[in-house]
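Here are a few exercises to work through with the model open beside you. Try each task before you read its solution.

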Amino acid sequence: MSTQDEIVLRPAKAEDLVRIGEIDVASFVQPWAAKSFASVLVDEKYLLLVAEKNQVVCGFGAAYT
């Protein structure tokens with residue numbers, strides 16, 4: 001597998017929120033409000049990760065810790 005094919009998981013950043021919202025709207029009938037992801041991003045009880053392929057966010061996941 002080349003490095004271009006690898007998917008990288010990393011903590012989400014504020015600049016990822018637009019893409020996270022786009023993925024959420026495309027994936028779910030009842031997506032979260034955009035402000036919900038912004039609040040999760042700064043809440044220490046949550047872990048918000050993004051998946052990147054070729055430096056493009058292609059997925060995300062959130063967990064309550």
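**Exercise 1. A loop residue**

Where does Gln55 lie? Work out its setting, then look at its backbone and its exposure.

Solution. Start with the ground rules: this is a predicted model, in which local features need pLDDT of at least 70 and side-chain atom pairs count only at pLDDT 80 or more, while totals for chains, interfaces and linings use all residues. Residues are numbered from 1 along each chain as its sequence is written, and side-chain values use heavy atoms, with hydrogens and water left out.

Step 1: find Gln55 in the loop between β2 and β3. Helices (H or I, at least four residues) and strands (E, at least two) are DSSP runs, numbered from the N terminus.

Step 2: check phi. Gln55 is not a glycine, yet its phi is positive, at about 65°. Asn54 is found in the loop between β2 and β3 too, and its phi is near 55°, again positive in a residue other than glycine.

Step 3: check the surface. Gln55 has a relative accessible area of 73%, so it is exposed. The cut-offs are under 20% for buried, over 50% for exposed and in between for partly exposed (1.4 Å probe, protein chains only).

**Exercise 2. The whole chain**

Describe the layout of the chain from end to end.

Solution. Step 1: count the elements, which come to 2 helices and 3 strands. Step 2: put them in order from the N terminus, and you get β-α-α-β-β. Step 3: box it up; the C-alpha atoms fill roughly 35 × 25 × 20 Å along the principal axes. Step 4: look at burial, with 22% of the 65 residues buried.

**Exercise 3. Two helices**

How do α1 and α2 pack?

Solution. Step 1: get the geometry. Helix α1 (residues 17-27) and helix α2 (residues 34-42) pack at about 125°, with axes 10 Å apart. Axes here are lines fitted to C-alpha atoms, for helices over the stretch in contact, and angles run from 0 to 180 degrees between N-to-C directions.

Step 2: name the arrangement. The two helices are therefore oblique to each other; angles under 35 degrees count as roughly parallel, over 145 as roughly antiparallel, 65 to 115 as roughly perpendicular and the rest as oblique.

Step 3: list who touches whom. On α1 the contact uses Leu17, Ile20 and Asp24, and on α2 it uses Phe37, Ala38 and Leu41. Contact means heavy atoms within 4.5 Å.

**Exercise 4. The core**

Which residues make up the largest nonpolar core?

Solution. Step 1: know what qualifies. A nonpolar core is a set of buried Ala, Val, Leu, Ile, Met, Phe, Trp, Tyr and Cys residues joined through side-chain atoms within 4.5 Å.

Step 2: collect the 8 members, namely Ala12, Ile20, Ile23, Phe37, Val40, Leu48, Val50 and Val57. Two or more residues come from each of α1, α2 and β2 (46-53).

Step 3: follow one member. Leaving aside neighbours within four places in sequence, Val40 is in contact with Trp32, Tyr46 and Leu48.

**Exercise 5. A strand glycine**

What does Gly61 touch?

Solution. Step 1: place Gly61 in strand β3 (residues 56-64). Step 2: not counting residues up to four places away in sequence, Gly61 touches Leu47, Leu48 and Leu49. Step 3: take the C-alpha atoms of Gly61 and Leu48, which are 13 residues apart along the chain and separated by 5.9 Å. Step 4: finish with exposure; Gly61 has a relative accessible area of 33%, so it is partly exposed.
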